[in-house]
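Trainee: I should like to learn how backbone and packing features are read from a model. May we go through some cases together?

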Amino acid sequence: VDPASLPQPKHLLITHGHYDHLDTAAIATWGNGTHIIAPLGYDGLFDAIGMRQRHHLDWYEGYREDGREILFLPCNHWTMRNPLVGPNTGLWGSYLIRTKSGATIYLSGDTGFFDGFEQIGAQFDIDLAIFNLGAYEPRWFMAPSHMNPEETVQAFRDLRARRLAIVHWGTFRLGDEPVHFPPPAIRNALRAQHLEHRLLEIEHGQTLVYP
């Protein structure tokens, strides 16, 4: 999709620096009319494309504006853009959005399964958890970085969220599983735990008003 065909976002949340999550050419489309919220460590990238309206957050720091709050939280991942420079020169994480209307939305970003989900669930009351689900096979390689459907359901239970949705599928072929597998796979994993009614399904290009 051509980024220029999309409505200009007021805020753009960056979870980490991998190229499928931080595409500088696409971001530069919107210029300084869009406010960037990103982890620490990416100043040079945003300076290079002239995006100067931004906030950089450490874990558990937040951005507040007009009755809403966006918190940056830990996850189990890593980041790298240049193998010569090496990994993890920038931070990575997830987001918790406390909306002006009252709903609280959790965005996992890329993450492997970890005990942080239980800790976050104990700290926050989450209405909707949006998990990245894609590029999870083979497990011997992907498990430290990306959850599979069964782990995603366990993370959802640990968060104690009310509803679940998935993203990060059907776009880039990065794992061994076919790119269309995650939606039926998450339905099956939820059904095994009698939780299929908690799934909030959204197709590519669809607009969903929630709650």
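Trainee: What sign does phi of His-194 take, just after H6?
Mentor: Most residues other than glycine have a negative phi, and most peptide bonds are trans. In this predicted model, His-194, just after H6, takes a positive phi of about 60 degrees.

Trainee: Which residues of H6 itself are buried?
Mentor: In H6, residues 182-192, the buried residues are Pro-182, Pro-183, Ala-185, Ile-186, Ala-189 and Leu-190. These residues cover an arc of only 165 degrees around the axis, which puts them on the same side of H6. What covers them includes H5 and strand E9 (163-167).

Trainee: Where else does a residue other than glycine have a positive phi, and is Tyr-60 buried or exposed?
Mentor: Tyr-60 has a positive phi of about 70 degrees although it is not a glycine. Tyr-60 lies in the loop between strand E3 (54-57) and strand E4 (62-65). With a relative accessible area of 43%, Tyr-60 is partly exposed. Another case is Ala-135, whose phi is near 60 degrees. Ala-135 is found in the loop between E8 and H4, and at a relative accessible area of 6% this residue is buried.

Trainee: Which residue takes a positive phi in the hairpin of E4 and E5?
Mentor: That residue is Asp-66, with a positive phi near 50 degrees, in a hairpin that has two residues between the strands. E4 and strand E5 (residues 68-73) pair in the antiparallel sense over four bridges. To follow the pairing residue by residue, take Gly-62, whose bridge partner in E5 is Leu-71.

Trainee: Which residues does the cis peptide bond join?
Mentor: The cis peptide bond joins Glu-137 and Pro-138, with omega about 0 degrees. Pro-138 lies in the loop between strand E8 (128-132) and helix H4 (139-142), and Ala-135 is likewise found in the loop between E8 and H4.

Trainee: How should the sheet of E1, E2 and E3 be read, and what is its strand order?
Mentor: A general point comes first. In a regular strand the side chains alternate between the two faces of the sheet. Here, three strands form an open sheet in the order E1-E2-E3, and the pairing is parallel. E1 and E3 stand at the edges, each with a single partner strand, so one side of each is left without a neighbour in the sheet. Direction ignored, neighbouring strands of this sheet are turned by 15 degrees against each other on average. E1 and strand E2 (residues 35-39) pair over three bridges in the parallel sense; Leu-13, for example, has Ile-37 in E2 as its bridge partner.

Trainee: Is Ile-14 buried or exposed, and which residues does it touch?
Mentor: Burial is judged by relative accessible area, with under 20% counting as buried. At 3% relative accessibility, Ile-14 is buried. Ile-14 lies in the loop between strand E1 (11-13) and helix H1 (24-28). Not counting residues up to four places away in sequence, Ile-14 touches His-21, Leu-22, Ile-27, Ile-36, Ile-37, Ala-38, Pro-39, Phe-46 and Tyr-95. Tyr-95 is 81 residues apart from Ile-14 along the chain, and their C-alpha atoms are separated by 9.3 Å.

Trainee: Which residues of helix H3 are buried, and which are exposed?
Mentor: In H3, residues 116-123, Gly-116, Phe-117, Ile-120 and Gly-121 are buried. Seen down the axis of H3, these buried residues fall within an arc of 135 degrees, so they line one face of the helix. Glu-118 and Ala-122, on the other side of H3, are exposed. The cover over the buried residues of H3 includes E5, strand E7 (104-107), E8 and helix H5 (149-159).

Trainee: At what angle do the axes of H3 and H5 cross, and which residues make the contact?
Mentor: The axes come within 7 Å and cross at roughly 30 degrees. Angles under 35 degrees count as roughly parallel, and H3 and H5 are therefore roughly parallel to each other. From H3, Phe-117, Glu-118, Ile-120 and Gly-121 make the contact, and from H5, Ala-155, Asp-158 and Leu-159. By class, this contact of H3 with H5 has four nonpolar, one polar and two charged residues.

Definitions and conventions: Residues numbered from 1 in each chain as written. Predicted model: local features only at pLDDT ≥ 70, side-chain atom pairs only at ≥ 80, totals over all residues. Heavy atoms only, no water. Buried < 20%, exposed > 50% of the residue type's maximum accessible area, 1.4 Å probe, protein only. Contact = heavy atoms within 4.5 Å. Pairing = 2+ DSSP bridges. Arc of directions from axis to C-beta. Axes fitted to C-alpha atoms, helices over the stretch in contact; angles between N-to-C directions. Parallel < 35°, antiparallel > 145°, perpendicular 65-115°, else oblique. Nonpolar A, V, L, I, M, F, W, Y, C, P; charged D, E, K, R; others polar.
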